[in-house]
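Open the model in your viewer and keep the selection tool handy. We will walk from one side chain to the next.

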Amino acid sequence: MKKFTLTALAAAVLLSGCATSQPEKDSAQTTGPAVPAASASTQKAVPVPAASSRKLVLNMSGAKTSVEARDWSGFKEEWRAVFEEHAKEAGIAFAMQEGEPRPLGEAGTLLAVHVNDYRMVGIGSRIFFGVMTGNAYVDARVRFTDLSTGKSFGEQDYNTSSSAWHGIFAKMTPQQVDAIATGVFHELKRAH
């Protein structure tokens with residue numbers, strides 16, 4: 001009987017509502033209304049020239065509270081890994097750039113990401129601790145610039161958030177970064 005009670009309790013914890021995103025807040029937007037990050041095709045397009053769509057250099061910076069957070073290096077690594085995977089799938093050269101965003105004098109797009117705020121929550125934490133882990137979110141401004149000259153192609157705001165209504169398998173930090181990467185690579189594919 002004790003074993004059954006523990007099993008039932010564990011199942012109840014796993015099935016209880018846990019945090020992840022509110023559909024209206026999972027957004028990648030420009031200056032208009034919020035739209036889902038994964039549906040980048042409904043956004044105002046960033047006019048990336050075809051010659052700049054074959055290489056992407058990711059540069060990450062942020063507000064003082066973001067870059068001084070203890071998990072900032074892990075958060076940046078999450079972005080690097082996700083963007084590298086998307087680049088590989090798209091056949092686009094990819095690199096990270098440290099320091100201030102700067103043109104490199106070669107064809108490509110420099111993606112300067114400024115993270116205003118974020119809260120990193122991993123999938124494992126969500127499964128093991130449920131709603132007690134809190135909500136994951138990313139609030140970032142992304143500037144597309146010419147890697148050769150530094151000329152701006154355009155900017156987009158990406159605001160993703162999680163909510164307890166979606167359960168333990170809702171979008172945590174890795175899926176939110178993936179949704180942002182999907183939007184960015186959609187812009188590069190439009191240029192082909």
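Start by selecting Trp79, which is buried at a relative accessible area of 0%; buried means under 20%, exposed over 50% and partly exposed in between, with a 1.4 Å probe and protein chains only. This is a predicted model, where local features need pLDDT of at least 70, side-chain atom pairs count only at pLDDT 80 or more, and totals for chains, interfaces and linings use all residues. Residues are numbered from 1 along each chain as its sequence is written, and side-chain values use heavy atoms, leaving out hydrogens and water.

Next, add Phe83 and Phe185. Their ring centres are 5.9 Å apart with planes at 50°, so this pair is tilted. (Rings of Phe, Tyr and Trp, the last by its six-membered ring, pair if their centres lie within 6.5 Å; planes under 30 degrees apart are stacked, over 60 edge-to-face, the rest tilted.) Phe83 sits in helix H3 and Phe185 in helix H5 (residues 173-190), 102 residues apart, so to speak two distant parts of the chain linked by one pair. Both are buried.

Now go back to Trp79 and select Phe75, four residues away in helix H3 (residues 72-90), which puts about one helical turn between them. Helices here are DSSP runs (H or I, at least four residues), numbered from the N terminus. Phe75 is buried too, at 0% relative accessibility.

To see the wider group, select Trp72, Phe75, Trp79, Phe83, Tyr118 and Phe185: ring pairs link them into a cluster.

Finally, pick Glu187 in helix H5. Is this residue buried or exposed? Glu187 is buried, at 0% relative accessibility.
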